[in-house]
Every structure is written in C-alpha cells, then in structure tokens.
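Grab a pencil and work through these exercises with the structure open beside you. Try each task yourself before you read the solution.

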Amino acid sequence: AVWRILTSGNTDPATVTVQADSTVTSNTGYVLQADLELSKHSTPNPYVPGQAITYTLIVTNTGPSIVTAVALVDNLPSAVQNPLYFPSEGTYDAATDLWTGLTLGVNEQIVLTIVGTVDAAFNGIIKNTARVDPRDAVDPDLSDNTATNTNPSVPVITVTKRDALFIDLDTNGIPSPGDTLVYTVTIVNLSLIHISEPTRPY
C-alpha cells in the first residue's frame, strides 16, 4: 500500500511504500491516498416533463490505494421526483450519501444510476452538481471530484424566412423599386426551455 506521511502542520507531505508482508502497528501520521474522479450525464436530453430521467454517475479510482467506501453527494433538483438509486456494487444510502461495501481498485470504476420522474409542470433547465470523496483515504487532487449536469444542455431553435409574397405595384411580376415586400419569419423552439424575449441578431 502507499501511505502519505503528514509532517508537523501537514505542510510537507511525502510518500513511502510499505511492503505487502510488513506489519504496521500504528497508523499515526500515515494516511492512505486515493484519487477519485467523477463524471455524470443524464438521459434523455432534452428531458420530457412527466417522464423518467436517468442520471449515470461514474466514479473512477486512479489510485494509488483501494477504496472501500465513498461519500457521494448528489442533491437533485425538486423537479426530479421520487428518485431511486441503483449502485453497481455495494450499498448506497441516499439519506447519508454513504456508499459502502466497495472494493474499488486502482483504475477501476463504480456506477451509481439514479432514476426519477420530471415534474409534469416543470419547464426549464435541470442543473445540479454531484461530489465524491473517499471515506477511508485522502484524495490528493480535489479538482476532479465534482461533476455538473445540465439538461437540456442548450436551447434548440430553428428559424425560417420566406419572402415570396410581395405587392407588385408595377405588375411586372418581379420585385421592383416601389414594390412592397412581405417577409415571413417563423421561429420554432424545439427545446423545453421557455424563451420569453427572443433577440434580433441585427
């Protein structure tokens, strides 16, 4: 196993390798290290109000030590109702955010699947951030312990323009100076995000 030596004031950490057949009688000043990474995505994207939404959270252990328990916090928005939690291994307690009974080795992954229902009256962006931390080790790099998911990711809008209709004052059959042109612009919002004030690009 690889341990971290904490000096006075925890200002000068170093590492030491302990042989597998060695006996450690005291762990004073020695802390296991495990660098965890978290990723998260949701389906379907965009979501459908009143229908199921599934979150997939993937925890990767880049080492150097095995992890047997983690704290995985994912405070779902109120728009996601009646969530159910399905861990790929071990036991996950949504009330305490603790995920125990693991044997997460170096370069291995565990997956937590969350299935809920989007509030049928909700119309907007569902965005939230999850965080993971090892419970039996110290994570030396906290920059990759959080993951944010946004659903829908971006508004989807189509714009079409038609100018076939015009008032032909000189009756020559083509738009000419003095004629009145009538443009028809159609904007369709294909996403589930309410857009109250579209802006003109010109």
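**Exercise 1.** Does Asp133 count as buried, partly exposed or exposed, going by its relative accessibility?

Before we start: this is a predicted model, where local features need pLDDT of at least 70 and side-chain atom pairs count only at pLDDT 80 or more, while totals for chains, interfaces and linings use all residues. Residues are numbered from 1 along each chain as its sequence is written, and side-chain values use heavy atoms, with hydrogens and water left out.

*Step 1.* Get the cut-offs straight: buried means under 20% relative accessible area, exposed means over 50%, and partly exposed is in between (1.4 Å probe, protein chains only).

*Step 2.* Asp133 has 22% relative accessibility, so it counts as partly exposed.

*Step 3.* Now look at its partner: the side chains of Asp133 and Arg131 meet in a salt bridge at 2.8 Å, N to O. The term means a side-chain nitrogen of Lys or Arg within 4 Å of a carboxyl oxygen of Asp or Glu. Arg131 has a relative accessible area of 31%, so this residue is partly exposed too.

**Exercise 2.** How many salt bridges are there by this rule? Find the one that involves Asp74.

*Step 1.* The count is two.

*Step 2.* Asp74 pairs with Lys40, at 3.0 Å from N to O. Here the two partners come from distant parts of the chain: Asp74 sits in strand E6 (residues 70–74) and Lys40 in strand E4, 34 residues apart. Strands are DSSP runs (E, at least two residues), numbered from the N terminus.

*Step 3.* Check the cover: both Asp74 and Lys40 are buried.

**Exercise 3.** Which side chains make polar contacts with the side chain of Asn128?

*Step 1.* Place the residue: Asn128 belongs to strand E11 (residues 126–134). Its relative accessibility is 5%, so Asn128 counts as buried.

*Step 2.* Recall the rule: a polar contact is a pair of N or O atoms within 3.5 Å; within protein, one must be able to donate a hydrogen and the other to accept it, and residues adjacent in sequence count only if both atoms are side-chain atoms.

*Step 3.* The side chain of Asn128 has such a contact with the side chain of Lys40 at 3.0 Å, and another with the side chain of Asp74 at 2.5 Å. Those are the two salt-bridge partners from Exercise 2.

*Step 4.* Widen the view to contacts (heavy atoms within 4.5 Å). Leaving aside neighbours within four places in sequence, Asn128 touches several residues, among them Tyr55, Pro77 and Thr148.

**Exercise 4.** What is the order of the strands in the open sheet of four strands?

*Step 1.* The order is E4-E5-E10-E7, with antiparallel pairing. Two strands pair if DSSP finds at least two bridges between them.

*Step 2.* Strand E4 (34–43) and strand E7 (80–87) are the edges, each pairing on one side only.

*Step 3.* Zoom in on E4 and E5 (residues 52–64): nine bridges join this antiparallel pair. Lys40 stands opposite Leu57 in E5.

*Step 4.* Finish with Thr43, which is also in strand E4. Its relative accessible area is 41%, so Thr43 is partly exposed. Beyond neighbours within four places in sequence, Thr43 is in contact with Ile53 and Thr54.

**Exercise 5.** How many helices and strands does the chain have?

*Step 1.* The chain has zero helices (H or I, at least four residues) and 14 strands.

*Step 2.* Of the 202 residues, 29% are buried.
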